Amino acid sequence: MPDSNSQQKLLARMRDVVIRHGDKIAVAEHERAFTYADFDAMIGCIHGQLEGVDPQDTGPVGLLLDRSALAYAAMWASIAHGRAYVPLNTSYPRTRLQNIIAQARISTVVCDEGTLHLAHELGIDADRRVIASVTKHRGEQPAGDRPWWRARRGGNVAYVLFTSGSTGQPKGVPISYDNLCAFIQNMQGAIAYTPDDVCSQVCELSFDFSVHEIYLALLGGCTLCPARRVDLFNPAHYVANRSITVWIAVPSLARVILNNGVPIGDSLRGIRLSIFNGEALTAGLAAAWHDAAPNSEIWNFYGPTECTVAVTAQRWVDEPELQEADVISIGQPFPDCQTALLDDEHIVTTLAAADGAVGELLLATPQRFTGYTDPELASPFVTDSRGTTFYRTGDRVLWRQGRLYHLGRVDHQVKIGGHRIELLEIEHRLRHCLKTEALAVIAHPAEQPTELVLFVEGPAEPAQLDSETLGLPSYMLPGRSIVVDALPVNSHGKLDRAALHSVAGSEP
């Protein structure tokens, strides 16, 4: 039977928080708030409902819930029941959700009244549905122990997230209790939250950055504020209205706030911590965000889903040495994370690498998963001569003076007409010349590209740029420019390059 120390440790920490902060607001939704005592009751009720479905079941629990106190409680109830939870993004196509349910072998689904119809459409049997409701969870808690405080022995997986797969099918990433505990410990060592903090929660639960938002806030005794979808049309208003002090998001959402034409005034001045991850954070965006949120520390984190959200950290200061091609350093690895570079099949640890070395980033960390849910997928691991197993990130990095700099994806280095081209370099030059952050360059078509296409937000097409102006050889100049009202983003708020390819294919 798997060791449950980390599982029990997680529950013990949450138990201590609900006891210590029972009267404090744990989750502040748009029109209602729940104390930690309420949250304790929610977890207990959903835990009891899971017991009622099948007390012996150890299969994964699907969460057919949007950002909410119920969703967070269902996560903890699943952990207490010894079962991995799998967020099911309600905005996904039905076929994708059915694929995830089948791949993960989900045996029970937690929904609410708003998603019950979707559970039915997905073919979830009525006796395998847990219908969570806020009205069931109000009221005083009895004194003494709660069943959910004691971990039930099950598997060693805390949750499974599904990411895009190169095969066209989503691939499941199981994260263990050990992985999750290591991440929480490392994050708390990097950044200090206080119980007075009010934390944003804007990421979809199917996006691994939400793990950062949810666990660090609730285990810190903070107030967590789930954003409604409508809030993301005017995030600055959400920040001001909820009095957010800890802001966590992908850089694209920060760009939306700064560039969507809605006056932000002093709405960001209450933020004391701004935490970015998931995409490259440019120097221009970081400086603009600092101007809008002058009381905030700005942190840039990096990490793949397979290594539990984040494994490196860098606090931003406006210094040129922290930039490479206009992108902020992703910083130094956490103390228990080993990093190495893979170049032409040679593995060199960053500690042994020459200053200025470039290669694919490899990670060996207690936060690293052990493999995808589908054993048929190609192994993402490589082992060095000392027997250390590393995860291959697919990210190209520069190691310089003890810090890592993200240079783009290995697969973003494209080849057109025999020339190797780094898209990040082109975007950097264009941002400088066009004086805008809101642009992207793709190599089109995605398979065997023949041209570079520039996408830029704006009312008019940018002026023609020549090789001399950009400081780039002619083969690195975009052959076409397409003006869009807004760059498309996916459900996680990241730039949607697949959508750009679709637009490029439809434009003459």
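# Briefing on a predicted protein chain

Buried residues make up 55% of the 508 residues in the protein chain, which is described here from a predicted model. The secondary structure of the chain comes to 13 helices and 28 strands, and residues 24 or more positions apart account for 68% of the contacts with a separation of 6 or more. The points below begin with the chain as a whole and then turn to single residues and elements.

**Overall form and surface**

- The radius of gyration of the protein chain is 23 Å, which agrees with the value near 23 Å that a compact globule of 508 residues would have.
- Taken along its principal axes, the C-alpha trace of the protein chain spans about 75 × 55 × 45 Å.
- The accessible surface of the protein chain comes to about 21,200 Å², and carbon and sulfur atoms hold 49% of that area.
- The protein chain carries 42 positive and 59 negative charges, and the mean positions of these two sets are 4 Å apart.

**Gln-7 in helix 1**

- Gln-7 has its place in helix 1, which covers residues 5-20, and this residue counts as buried because its relative accessible area is 1%, below the 20% cut-off for that class.
- The side chain of Gln-7 reaches the backbone oxygen of Arg-152 at a distance of 3.0 Å.
- Leaving aside residues up to four places away in sequence, Gln-7 touches Ile-79, Ala-80, Gly-82, Ala-151, Arg-152 and Tyr-177, so that Arg-152 appears both in this set of contacts and as the partner of the side chain of Gln-7.

**Helix 9 and what covers it**

- Helix 9 runs over residues 251-259, and within this helix Pro-251, Ser-252, Leu-253, Ala-254, Arg-255 and Ile-257 are buried.
- The cover over the buried residues of helix 9 includes two helices, helix 8 (235-242) and helix 10 (283-292), together with strand 11 (246-249), strand 12 (273-276) and strand 27 (451-457).
- Helix 9 is followed by Gly-261, whose phi is positive, near 85°.

**Backbone features in loops**

- Most residues other than glycine have a negative phi, and most peptide bonds are trans.
- The peptide bond from His-444 to Pro-445 is cis, with omega near -5°, and Pro-445 lies in the loop between strand 26 (439-444) and strand 27, a strand that is also part of the cover over the buried residues of helix 9.
- Val-309, a residue other than glycine, has a positive phi near 75°; Val-309 lies in the loop between strand 13 (297-302) and strand 14 (312-315), and with a relative accessible area of 1% this valine is buried.
- Asp-344, likewise a residue other than glycine with a positive phi, has a value near 55° and lies in the loop between strand 18 (338-343) and strand 19 (346-349).
- Is Asp-344 buried or exposed? At 64% relative accessibility Asp-344 counts as exposed, because the cut-off for that class is over 50%, whereas Val-309 is buried.

**Gly-471 and its separation from Val-414**

- Gly-471 is found in the loop between helix 12 (467-470) and strand 28 (480-484), where this glycine is partly exposed, with a relative accessible area of 46%.
- Gly-471 and Val-414 are 57 residues apart along the chain, and their C-alpha atoms are separated by 19 Å.

Technical notes
Residues are numbered from 1 along each chain as its sequence is written. This is a predicted model: local features need pLDDT of at least 70, side-chain atom pairs count only at pLDDT 80 or more; totals for chains, interfaces and linings use all residues. Side-chain values use heavy atoms; hydrogens and water are left out. Helices (H or I, at least four residues) and strands (E, at least two) are DSSP runs, numbered from the N terminus. The radius of gyration is taken over C-alpha atoms; the globule rule is 2.2 Å times the number of residues to the power 0.38. Buried means under 20% relative accessible area, exposed over 50%, partly exposed in between (1.4 Å probe, protein chains only). Contact means heavy atoms within 4.5 Å. Accessible areas come from the Shrake-Rupley method with a 1.4 Å probe; for residues, only the protein chains shown count as cover. Lys and Arg count as positive and Asp and Glu as negative; His and the chain ends are not counted. The place of a charge is taken as NZ of Lys, CZ of Arg, CG of Asp or CD of Glu. A polar contact is a pair of N or O atoms within 3.5 Å; within protein, one must be able to donate a hydrogen and the other to accept it, and residues adjacent in sequence count only if both atoms are side-chain atoms.
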